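Here is a protein chain to explore together. Take a moment to turn the structure around before you read on.

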Amino acid sequence: MASESEKIVYFEDLQPPKMKIEGTVSSVVKTAVAATTTTTTKRQRSLVDMFGPSTKKQKLETPSSSQESSGSATSKGSPSGSGVKRNTFNSIPFSLSAFRESLTEDQKRLLALECDTIGKSWLKVLTEELKKPYFIQLKEFLWQEGVRDASHLTPKVFPPAKDIYAWSNSPLGKVKVVIIGQDPYHGKGQAHGLCFSVAKGVQIPPSLKNIYKEIQAEYPEFKQPNHGNLMAWATNGVLLLNTCLTVKAHEANSHSMKGWENFTDKIIQLVDQYGGANLNNRGVGQGVVFMAWGAPAAKRVAKLDKKKHLILTSAHPSPLSAHRGFLGNGHFRKANEWLEGKYGVEATVDWCNLDVQ
C-alpha cells in the first residue's frame with residue numbers, strides 16, 4: 001500500500017517553486033529540484049520529493065505583492081503541516097484518496113462522479129466547494145433525475161454523466177481563453193460537456209455556424225469543418241464553459257437555479273485567480289481572455305478586473321441576435337493579439353484548427 005507522501009501529488013507542476021533557504025540547503029531538496037528540472041515529462045511529485053525531510057526553515061520566494069493577492073494559497077490544513085505559505089498554483093498539494101476519506105458516506109455516494117471525472121488540476125482547488133450545502137443539494141436533485149456515476153446512462157438528462165465535466169480536461173493553469181455559454185444543448189446526442197460544441201456526426205447548430213462565419217471573416221484561410229466538435233480548442237487552452245452544466249431532455253433552462261450558477265461562478269473565480277499560471281512558468285495567474293456573448297454571459301464577467309484580463313462582450317451568436325453585434329465583433333483576432341502581447345506568439349490559439357483525432 002502506498003504511503004501517504006506517495007499519494008500526495010502536484011498537477012501541472014512544470015517547475016518547482018523557487019525556494020530561499022535560510023542556512024545550508026539540504027541535499028534532499030537539491031536532489032528533488034535537480035530531478036524536476038531535468039525531467040520535464042514527470043508531471044507528478046510527492047510532498048517528500050518537493051520539500052524533503054530538511055529541518056532547515058524554508059520559505060517560498062514571493063514573485064510580487066500583486067501576484068500574492070491573485071494567486072496565493074497557504075498550506076493550512078495541508079498534509080505537510082509545515083505552515084509554509086505557498087504562492088504558486090503548482091505548489092498546492094492534492095491527494096484524491098485523502099479527499100475521499102474526508103467525505104461522509106452520503107457525500108461519497110453523491111460526489112463519486114466528481115471524484116472520477118473532474119480534471120485533477122481543477123479538483124484540487126474545488127474540494128471545499130463540492131462539500132458546500134448548495135452543491136450537495138444540487139447533487140441530490142441530479143440523483144433523483146438519474147445522474148449518478150460516470151457509467152450510469154442518463155437518457156433524460158444531457159450531457160451524459162461522464163461528459164458533464166468534460167470542460168475540466170482543459171488544465172486550469174493552461175487556460176488562456178474562456179468562452180461562456182448558457183445551457184447545454186437539450187436534443188439527444190448533442191451536448192458533450194463543452195459549450196457551443198457538439199459531438200462529431202451531429203448536425204452543426206445555428207449558433208456554431210455563426211461562430212464559424214465570424215472566424216472565417218477574421219481569418220479568411222479558415223475552412224469550415226463538416227462537424228461541430230470544438231475539442232481541439234479545449235486542448236489548446238480554451239475553456240468552453242456553460243453556465244448550467246446539465247439540462248433535462250428537450251426542456252431548455254430546466255436545470256437553471258438549481259445550483260449550477262453558483263458552481264460555475266466559482267470556476268470563473270478560479271480562472272480569475274489561477275488562469276494562465278503555467279503560460280509563463282511563474283505559477284500565478286496573469287490574466288486571460290473572456291468571451292461573453294449575450295447579456296447573461298456579460299453579467300457573469302462584469303466584476304472581473306479589466307486591467308488584468310481582456311474581456312470581450314457582444315451579442316450572442318444565435319440567429320436571433322448575431323446580426324446585432326456578434327458578426328463583425330473581431331473577438332478571435334483580438335484575443336490572439338492580446339495573448340501574443342501578454343505571453344508571446346506561442347500562447348495564441350489556432351482558431352482555424354478544428355481537427356478531431
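What follows is a short tour of this chain, from the overall picture to single residues.

## The big picture

First things first: this is a predicted model. The protein chain has 15 helices and 10 strands. Of its 357 residues, 54% count as buried.

How much of the contact network joins residues at least 24 apart in sequence? Looking at contacts between residues at least 6 apart, the share is 71%.

## The nonpolar core

In soluble globular proteins, nonpolar side chains tend to be buried together. Here, the largest nonpolar core has 90 residues. Inside that core, the residues with the most contacts are W122, I179, W233, F263 and W351. Which helix or strand gives the most to it? That's α13, with 7 residues.

Let's zoom in on W233. Leaving out residues up to four places away in sequence, W233 touches I179 and W351, two names you have just met. Its other partners are I211, I215, V238, L240, F332, D350, N353 and L354.

## Two helix pairs

Two packed helices are described by the angle between their axes and the distance between the axes. Start with α10 (residues 133–145) and α13 (residues 260–274): their axes come within 9 Å and cross at roughly 125°. That makes α10 and α13 oblique to each other, and their crossing is left-handed. On the α10 side you'll find Y134, F135, L138 and L142, which meet W260, N262 and F263 of α13. By type, the residues of this contact are 6 nonpolar, 1 polar and no charged.

Now try α11 and α15, which pack at an angle of about 60°, with axes 8 Å apart. This pair is oblique as well. From α11, the contact uses I211, E214, I215 and E218, while α15 brings H331, F332 and R333. What kinds of residues make up this contact of α11 with α15? They divide into 3 nonpolar, 1 polar and 3 charged. You may recognise I211, I215 and F332 here, since W233 touches those three too.

## Backbone oddities

Most residues other than glycine have a negative phi, and most peptide bonds are trans. This chain has some exceptions for you to find. One is the cis peptide bond joining F158 and P159, with omega at about -5°. P159 itself lies in the loop between β5 (157–158) and β6 (177–180).

Then there is F196, which has a positive phi of about 70° although it isn't a glycine. You'll find F196 in the loop between β6 and α11 (206–218). M257 isn't a glycine either, and has a positive phi of about 60°. It sits in the loop between β8 (247–248) and α13. Are these two residues buried or exposed? F196 is buried, with a relative accessible area of 10%, whereas M257 counts as exposed at 70%.

## Loop and tail residues worth a look

K176 lies in the loop between β5 and β6. Its relative accessible area is 5%, and under 20% counts as buried, so K176 is buried. What does K176 touch, not counting residues up to four places away in sequence? The list is N236, G237, L279, V288, V289, L339, E346, A347, T348 and V349. Take L339 from that list: 163 residues separate K176 from L339 along the chain, yet their C-alpha atoms are 7.8 Å apart.

N229 is in the loop between α11 and α12 (231–234), and at 8% relative accessibility N229 counts as buried. Setting aside residues up to four places away in sequence, N229 touches H192, S197, V198, A199, K200, Y212, L354 and V356. One of these, L354, is also touched by W233.

Finally, look at C352, in the segment after α15 (331–343). With a relative accessible area of 24%, C352 is partly exposed. Leaving aside neighbours within four places in sequence, C352 is in contact with Y219, E221 and F222. How far apart are the C-alpha atoms of C352 and F222? They are separated by 5.1 Å, although the two residues are 130 residues apart along the chain.

Key. Residues are numbered from 1 along each chain as its sequence is written. This is a predicted model: local features need pLDDT of at least 70, side-chain atom pairs count only at pLDDT 80 or more; totals for chains, interfaces and linings use all residues. Side-chain values use heavy atoms; hydrogens and water are left out. Axes are lines fitted to C-alpha atoms, for helices over the stretch in contact, and angles run from 0 to 180 degrees between N-to-C directions. Helices (H or I, at least four residues) and strands (E, at least two) are DSSP runs, numbered from the N terminus. Angles under 35 degrees count as roughly parallel, over 145 as roughly antiparallel, 65 to 115 as roughly perpendicular and the rest as oblique. A crossing is left-handed if the near helix is turned anticlockwise from the far one by less than a right angle, and right-handed if clockwise. Contact means heavy atoms within 4.5 Å. Ala, Val, Leu, Ile, Met, Phe, Trp, Tyr, Cys and Pro count as nonpolar, Asp, Glu, Lys and Arg as charged, and the others, Gly among them, as polar. A nonpolar core is a set of buried Ala, Val, Leu, Ile, Met, Phe, Trp, Tyr and Cys residues joined through side-chain atoms within 4.5 Å. Buried means under 20% relative accessible area, exposed over 50%, partly exposed in between (1.4 Å probe, protein chains only).
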